[in-house]
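Visitor: I would like to go through this chain step by step. Please start with the terms and then take the parts in turn.

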Amino acid sequence: MGRKNCLGGILESAQETKFKGEAVVPMRILHVINGLNVGGAEVMLAELLEQFKVQDDIDCAVVSLKDIGEIGERLQENGIEVQALDMISGVPDIRGYFKLRRIASNFKPDLIQTWLQHADLLGGLVGKSLGVPVVWGIHFSLASLGNTKWLHRVIAHLCMLWAEDLSAAVISCAHSSSADHIKAGYPKALIQTIPNGVSTQRFRPNNGARVALRQALDISDSCTVIGMVARYHPLKNHRLFLKAAARLREALPEVRFILCGSGVDQENRELVGLIERWGLADHIELLGVEWQMPQVYAGLDILTLCSDSEAMPIVLAEAMSCGVPCVATDVGDCKALMGGLGAIVPSRPRALVEGWVSVLEE
């Protein structure tokens, strides 16, 4: 196989020493991620670990570079070992390397899997020092780098330079991100694209859940409901959504909007101020972090994504699996994922409104 850059070969090599007679010794995987608050990569990690939990041939532990977060608490409740390095966002701290190395030495992983670039770099350095193969994860688009902090840009550049030395393979969740990273200098042979997936048993049409959500929020069944599921961050562009919502409300006074995600609640004074500024206080429900997402999707007529940058947004896959049409900006793999369904629109309020109207008229 030449240089060991094939993910399947890495896993096979790691498993070769796990069989002793008739007994199977679990393969040990240490997952390292930037943080464990609610986001696309974090949710994917949680879903993956919950699937692994029912298997007896894989033993996993998780390290968050920052704090435990909502996802970490959920994992701990499910009996998964989670540790936090308590690093401060945007502040370089060499102590994080030594903490992670100590945790990895104690856990004795057969494989380290990292999620997002800060974790890629730190996990790669630790894996290199311990002789443990490391699989990096790409869950973002390089198009977003211009809007990130200087440290993130430095780390991204170091990952590009050291990918071949510090990683045995690189998994990207989006074809667009794979192409971006190869163009930026990642070795093409290292990168494999594995799109995000969802459970179609969990995410499926559910009229009962639709009725229940609308009753809980005092929304009539005949009312048009448009939702946005995203953490509060400039890249997610809540301002665009609210500007478009104000325009649509003028033409469709009974329309209601549901927003949920980390930081999307009444405690967010900036968000609440924008909602009041555009006269939407009586038309928007802020749900914050919501774990029962299939029930939320079920109550929507349209799911909206208006991000400035994405890789392969899992919210679109979840909503579509629930039978909810989507309107999204043309970023990352959105167009390919939607496959001609719903509407892909430019990042402008008028275009977003036109996308909503075209879907409602279908």
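Guide: One term is needed before we start: a residue counts as buried when its relative accessible area is under 20%. The model is predicted.

Visitor: Which residues of α12 are buried?
Guide: Helix α12 covers residues 314-321, and 7 of its 8 residues are buried, so the helix is largely enclosed by the rest of the structure. The buried residues are Ile314, Val315, Leu316, Ala317, Glu318, Ala319 and Ser321.

Visitor: What covers the buried residues of α12?
Guide: The cover includes both helices and strands. Among the strands are β10 (225-229), β13 (302-305) and β14 (326-329). The helices in that cover include α2 (40-52), α11 (293-298) and α13 (334-338).

Visitor: Which residue with a positive phi follows α12?
Guide: After α12 comes a residue with phi near 80°, a positive value. That residue is glycine 323.

Visitor: What is the order of the strands in the open sheet of 6 strands?
Guide: The pairing in this sheet is parallel. β12 (284-286) and β15 (343-345) each have a single partner strand, so they stand at the edges and one side of each is left without a neighbour in the sheet. From one strand to the next the twist averages 20°. The order is β12-β11-β10-β13-β14-β15.

Visitor: Which residue in β15 stands opposite threonine 329?
Guide: β14 and β15 pair in the parallel sense, over 3 bridges. Opposite threonine 329 stands valine 345.

Visitor: What angle does the direction of helix α9 make with that of β11?
Guide: Helix α9 (residues 238-251) packs on this sheet and touches β10, β11 (256-260), β12, β13 and β14. Its direction and that of β11 make an angle of about 170°.

Visitor: Which strands are at the edges of the open sheet of 7 strands?
Guide: This sheet also pairs in parallel, in the order β5-β4-β3-β6-β7-β8-β9. An edge strand here pairs on one side only. The edge strands are β5 (81-84) and β9 (191-193).

Visitor: Which residue in β5 stands opposite alanine 61?
Guide: Strand β4 (residues 58-64) pairs with β5 in the parallel sense over 4 bridges. The residue opposite alanine 61 is glutamate 81.

Visitor: Is arginine 210 buried or exposed?
Guide: Arginine 210 lies in helix α8 (residues 207-216). Beyond four places in sequence, it touches Asp221, Ala298, Gly299, Leu300 and Asp301. Its relative accessible area is 15%, and the cut-off is under 20%, so arginine 210 is buried.

Visitor: How far apart are the C-alpha atoms of arginine 210 and proline 294?
Guide: Arginine 210 and proline 294 are 84 residues apart along the chain. Their C-alpha atoms are separated by 9.5 Å.

Visitor: What is the radius of gyration of the chain?
Guide: The secondary structure comes to 14 helices and 15 strands. For 362 residues the globule rule gives 21 Å, and the chain is close to that, so it is as compact as a globular protein of that length. Its radius of gyration is 21 Å.

Visitor: Over which residues does pLDDT stay under 50?
Guide: The mean pLDDT of the chain is 91, and 92% of its residues reach 70 or more. Where pLDDT is low, the predicted coordinates should not be read in detail. The stretch with pLDDT under 50 is residues 1-6.

Methods: Residues numbered from 1 in each chain as written. Predicted model: local features only at pLDDT ≥ 70, side-chain atom pairs only at ≥ 80, totals over all residues. Heavy atoms only, no water. pLDDT = per-residue confidence, 0-100. Contact = heavy atoms within 4.5 Å. Pairing = 2+ DSSP bridges. Helix = DSSP H or I, 4+ residues; strand = E, 2+ residues; numbered from the N terminus. Rg over C-alpha atoms; globule rule 2.2 N^0.38 Å. Buried < 20%, exposed > 50% of the residue type's maximum accessible area, 1.4 Å probe, protein only. Axes fitted to C-alpha atoms, helices over the stretch in contact; angles between N-to-C directions.
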